[in-house]
Amino acid sequence: MAQDETLDLIEEITRTDGTKYREIGNMVQNGRAELAVERGFLKEVRILQLNIPHSQNVAKYEQYVNDNFVMQDESMDHWDEWKKTPAAEQMVSDILTENHIG
């Protein structure tokens, strides 16, 4: 299941029920999210910041994602939201703070 994704952007994803969450991703993952919008699995996705610095928090979260998830391919029939442990939630929160996204 291990992969080697480099995470370098922050996006806001709106679920079909209208709730939103922020994710640290990359252009491939963002493209998959856009495809999920086209297919009705998500309501909206938008990039909040590109080319975020590769901080220690980003490196740790990247490792978490690479160890626990596989990037969906174009044949997806649903959206896989990356479920986060409390530690992973804290990493994302710290990354948002580092990048001045409240």
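Two strands count as paired here if DSSP finds at least two bridges between them. On that basis, this predicted model has an open sheet of three strands in the order 2-1-3, with antiparallel pairing. Strand 2 and strand 3 sit at the edges with a single partner strand each, so one side of each has no neighbour in the sheet. From one strand to the next, the twist averages 25°.

Looking at the pairing in detail, strand 1 and strand 2 run antiparallel to each other and are joined over six bridges. Within this pairing, glutamate 11 faces glutamate 23 of strand 2, while glutamate 12 has arginine 22, also in strand 2, as its bridge partner. The hairpin made by strand 1 and strand 2 has five residues between the strands, and glycine 18 adopts a positive phi near 95° there.

The helices come next. Helix 1 packs on the sheet and touches strand 1, strand 2 and strand 3. Its direction makes about 160° with that of strand 3. Helix 3, for its part, lies across strand 1 and strand 2 and runs at about 85° to strand 2. Past the end of helix 3, the chain carries histidine 100 in the segment that follows. Histidine 100 counts as exposed because its relative accessibility is 75%, and the cut-off for that class is over 50%. The C-alpha atom of histidine 100 is 9.9 Å from that of glutamine 49, although 51 residues separate the two along the chain.

Then there are the charges. Side chains of opposite charge can pair when their charged atoms come close. With a cut-off of 4 Å between a side-chain nitrogen of Lys or Arg and a carboxyl oxygen of Asp or Glu, the model has five salt bridges. A network of these links Glu12, Lys20, Arg22 and Arg46. Glutamate 12 forms a salt bridge with lysine 20, at 3.8 Å from N to O, and another with arginine 46, at 3.0 Å from N to O. The pair of glutamate 12 and arginine 46 ties together distant parts of the chain, with glutamate 12 in strand 1 (residues 9-14) and arginine 46 in strand 3 (residues 44-50), 34 residues apart. As for how covered these two residues are, glutamate 12 has 8% relative accessibility and therefore counts as buried, the limit being under 20%. Arginine 46, at 41%, counts as partly exposed.

Outside that set of four residues, the side chains of arginine 15 and glutamate 81 also meet in a salt bridge, at 2.8 Å from N to O. Here too the pair links distant parts of the chain, 66 residues apart: arginine 15 is in the loop between strand 1 and strand 2, and glutamate 81 is in the loop between helix 2 (56-68) and helix 3 (86-98). Arginine 15 counts as partly exposed because its relative accessibility is 24%.

Finally, the surface has a nonpolar side to it as well. Met27, Ile47 and Leu50 form a nonpolar patch there, and together they have about 270 Å² of accessible area. Of these residues, methionine 27 belongs to helix 1, which covers residues 27-38.

Key: Residues numbered from 1 in each chain as written. Predicted model: local features only at pLDDT ≥ 70, side-chain atom pairs only at ≥ 80, totals over all residues. Heavy atoms only, no water. Patch = residues over 30% accessible without salt bridge, like charges linked within 9 Å, V, L, I, M, F, W, Y side chains within 5 Å. Areas by Shrake-Rupley, 256 points an atom, 1.4 Å probe, with all protein chains shown as cover. Helix = DSSP H or I, 4+ residues; strand = E, 2+ residues; numbered from the N terminus. Buried < 20%, exposed > 50% of the residue type's maximum accessible area, 1.4 Å probe, protein only. Axes fitted to C-alpha atoms, helices over the stretch in contact; angles between N-to-C directions. Contact = heavy atoms within 4.5 Å.
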